[in-house]
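Work through the exercises below with the sequence and the model side by side. Each task is followed by a solution that goes step by step.

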Amino acid sequence: MSASSGRPATGRAEAAPLTRGSAVRLVSGGVLIYLALIAVGLTITHLLADSALVAKDLQISRWFAAHRTAALDTLTHIGTLLAETYTVIALSIVLVLVFRRWLARWRESIGLLIAILGELFIFLLVTNTAHRQRPPVPRLDPAPPTSSFPSGHTAAAVAIYGCIAVIVLRQMVHRRLAVVIALLCCCVPPIVGVSRVYRGMHYPTDVVFGALGGGLWLLIAVLVVVPSATYGRGARRAPLRGSTDYGLDGRESTGATSSLGVRGSSSAGGGSSSTASPSSSSSSSSNSGAASSGTSS
């Protein structure tokens with residue numbers, strides 16, 4: 001690329017490799033989240049069964065049930081579908097392929113799968129331990145065999161849509177579009193949570209702790225697996241040691257392949273190299289030595 005070219009850099013830096021320590025951190029984080037949610041769930045279902053918190057939960061659920069309308073029934077049905085099991089599965093498959101094609105690597109796709117599968121595993125363990133009954137109001141959806149605590153739909157929405165937002169914000173070059181996509185993704189979990197309470201499937205506390213559990217697992221997955229900005233604007237641009245590569249367009253480069261995977265050209269002009277070859281440098285050095293020896297004698 002010539003020096004006069006004004007096109008933006010499109011190179012991509014490599015992400016740090018995953019190690020055995022990465023797996024240990026993921027498992028440790030998942031266990032801690034599971035234990036925390038179990039502690040909260042058992043506290044609500046046993047120690048606080050007759051408390052004001054549980055009474056408020058029931059009051060809110062009954063209020064939503066008493067204010068149902070045909071329009072809200074339809075809207076909340078759509079809101080639930082945004083995080084339905086088959087929706088999450090289909091969206092995950094599509095996004096895995098899209099991220100692989102877009103970023104030319106599997107790292108972001110793996111991060112998305114870990115965010116979804118880890119959240120699902122934690123949810124199944126917690127819901128089969130807490131055994132909280134669903135609100136005693138008419139339900140608009142078939143009740144799954146899992147218990148009410150926590151809200152799996154809300155946790156899944158936080159995990160998948162939150163992961164999409166993080167990857168887009170970190171890797172998309174078009175910043176305005178990235179912000180719009182991220183904001184839309186962030187709107188989905190609250191819509192899903194309110195829809196689940198409205199339709200009589202969960203108490204408000206189920207939704208709150210479902211969102212917290214999904215959010216904590218997403219945070220761990222992002223910190224351990226999802227790379228920081230390595231594509232386009234904001235990407236780390238660290239050339240190899242000893243290289244004079246100052247950017248992704250190849251200017252002022254020795255011709256070595258940098259850590260960004262972009263081979264630099266050796267000249268900003270017509271392609272001729274301005275760097276002396278090793279043989280010429282060696283010859284020049286020996287001539288200088290000979291001249292110096294003759295003078296001193």
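How many helices and how many strands are there in the chain? The chain has nine helices and zero strands, where helices (H or I, at least four residues) and strands (E, at least two) are DSSP runs numbered from the N terminus. This is a predicted model, in which local features need pLDDT of at least 70 and side-chain atom pairs count only at pLDDT 80 or more, while totals for chains, interfaces and linings use all residues. Residues are numbered from 1 along each chain as its sequence is written, and side-chain values use heavy atoms, with hydrogens and water left out.

**Exercise 1. Burial**

Task: find what share of the chain is buried, and then place Thr-76.

Solution: Start with the term: buried means under 20% relative accessible area, exposed over 50%, and partly exposed in between (1.4 Å probe, protein chains only). Buried residues make up 40% of the 297 residues in the chain. Next, look for Thr-76 in helix H3; Thr-76 counts as buried because its relative accessibility is 8%. Finally, compare positions: Thr-76 and Gly-193 are 117 residues apart along the chain, and their C-alpha atoms are separated by 9.6 Å.

**Exercise 2. Salt bridges**

Task: count the salt bridges in the whole structure, and describe the ones made by Asp-57 and Glu-108.

Solution: A salt bridge is a side-chain nitrogen of Lys or Arg within 4 Å of a carboxyl oxygen of Asp or Glu, and a search of the whole structure finds five. One of them joins Asp-57 to Arg-132, with the closest N and O atoms 3.0 Å apart. Asp-57 lies in helix H2 (residues 52-66) and Arg-132 in the loop between H5 and H6, so this pair ties together parts that are 75 residues apart in sequence. Both Asp-57 and Arg-132 are buried, and a network of salt bridges links these two residues with Asp-206. Turning to Glu-108, its salt-bridge partner is Arg-105, and the closest N and O atoms are 2.6 Å apart. Glu-108 is buried, at 0% relative accessibility, and Arg-105 is buried too, with a relative accessible area of 8%.

**Exercise 3. The largest cavity**

Task: state the volume of the largest cavity and say which helix gives the largest share of its lining.

Solution: On a 1 Å grid over the protein atoms alone, a cavity is a set of points where a 1.4 Å probe fits but cannot get out, and a pocket is an open set with protein on both sides within 12 Å along at least five of seven lines; lining residues have an atom within 4 Å of a point. A volume is the space filled by probe spheres set on the points, which are joined across faces, edges and corners. The largest cavity has a volume of about 70 Å³. Helices H1 (20-47), H5 (107-130) and H8 (204-224) each give two or more residues to its lining, and the largest share, four residues, comes from H8.

**Exercise 4. The largest pocket**

Task: give the space in the largest pocket and name the residues closest to its centre.

Solution: The largest pocket holds about 580 Å³ of space. Of its 28 lining residues, Ala-83, Glu-84, Thr-85, Gly-152 and His-153 are the closest to the centre. As a last step, note that H5 gives the largest share of this lining, six residues.
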